[in-house]
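Grab a coffee and open the viewer. Here are a few exercises, each with a worked solution to check yourself against.

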Amino acid sequence: VFADMNVDFRVAGFRSSEGGPGLQYLGPLSHPADELAAADLVLHGSRFDTFGRVVYEAMAWGSLPVTVDNPAFTSVFRENEECFLLSTRDPARGAHELRGIVDALAANPARYGAMRAANHARVRAEFSPNAMVQRTEALCTRLLAAPRPARSFGPDDLAATDLDAFGAVLD
């Protein structure tokens with residue numbers, strides 16, 4: 001799918017000695033900041049992520065996230081404005097969708113640059129340590145002011161917006 005393009009793919013998180021033209025396996029990375037900062041796009045394929053730390057980190061470094069249709073992302077990010085969502089988890093079909101995304105961004109470098117800058121600014125504004133502390137304090141204040149539930153903490157104890165504020169979903 002990408003043979004005619006001058007692109008390099010670097011895969012983190014998988015153990016493999018395989019490679020190929022334009023494909024390099026990095027293995028697991030405990031501190032991926034350098035890789036995220038160097039990436040133009042970050043493909044995140046987890047179906048089970050409930051917060052999206054990798055996606056937020058990619059945005060903070062100015063990379064554009066490409067991810068699967070996951071409520072942790074679809075409830076927080078605007079598709080085609082902040083991230084790109086693949087409609088499939090099938091690798092062959094996903095590669096074709098990814099190719100379409102790469103082609104569209106290559107054809108419009110101004111859009112690519114604007115998306116990267118906007119993502120970086122949003123993450124710094126909404127997920128900085130200060131912003132997270134303020135949201136945590138506000139949430140704790142609301143929880144402490146509410147009547148104590150008769151059971152342990154559950155989904156009915158929080159408004160949906162409280163979870164959204166942290167980019168989390170409750171299954």
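Before starting, one term: a contact here means heavy atoms within 4.5 Å. Keep in mind too that this is a predicted model.

**Exercise 1. Work out how many helices and strands the chain has, and in what order they come.**

Solution. Start with the tally: the chain has seven helices and five strands. Next, walk from the N terminus, and you read β-β-α-β-α-β-α-β-α-α-α-α. Then look at the chain as a whole: of its 171 residues, 31% are buried. About 10800 Å² is exposed, with 56% of that coming from carbon and sulfur atoms. Finally, take the contacts with a separation of 6 or more: 45% of them join residues 24 or more positions apart.

**Exercise 2. Find the strand order in the open sheet of three strands, and say why one side of β3 and of β5 has no neighbour there.**

Solution. Step one is the order, which is β3-β4-β5, paired in parallel. Step two is the edges: β3 (41-44) and β5 (84-86) each have a single partner strand, so one side of each stays without a neighbour in the sheet. Step three is the twist: ignoring direction, neighbouring strands are turned by 20° against each other on average. As a reminder, strands of a sheet pair through backbone hydrogen bonds. Step four is to zoom in on one pair: β4 (residues 64-68) and β5 are joined in the parallel sense over three bridges. Within that region, look for T67, which stands opposite L85 in β5.

**Exercise 3. Describe how helices α4 and α5 lie relative to the strands.**

Solution. Take α4 (residues 91-107) to begin with: this helix packs on the sheet and touches β3, β4 and β5. The direction of α4 makes about 160° with that of β5. Now move on to α5 (residues 109-126), which lies across β4 and β5. Helix α5 runs at about 85° to β4.

**Exercise 4. Decide whether S63 is buried or exposed, and list what surrounds this residue.**

Solution. Locate S63 in the loop between α2 (53-60) and β4. Check the accessibility: the cut-off for buried is under 20%, and S63 has 0% relative accessibility, so S63 counts as buried. Now collect the contacts, skipping neighbours within four places in sequence: S63 touches L36, A39, D40, V42, A58 and N119. One last look at A39: its backbone oxygen lies 2.8 Å from a polar atom of the S63 side chain.

How values were computed
Residues numbered from 1 in each chain as written. Predicted model: local features only at pLDDT ≥ 70, side-chain atom pairs only at ≥ 80, totals over all residues. Heavy atoms only, no water. Helix = DSSP H or I, 4+ residues; strand = E, 2+ residues; numbered from the N terminus. Buried < 20%, exposed > 50% of the residue type's maximum accessible area, 1.4 Å probe, protein only. Areas by Shrake-Rupley, 256 points an atom, 1.4 Å probe, with all protein chains shown as cover. Pairing = 2+ DSSP bridges. Axes fitted to C-alpha atoms, helices over the stretch in contact; angles between N-to-C directions. Polar contact = N/O pair within 3.5 Å; in protein donor to acceptor, adjacent residues only side chain to side chain.
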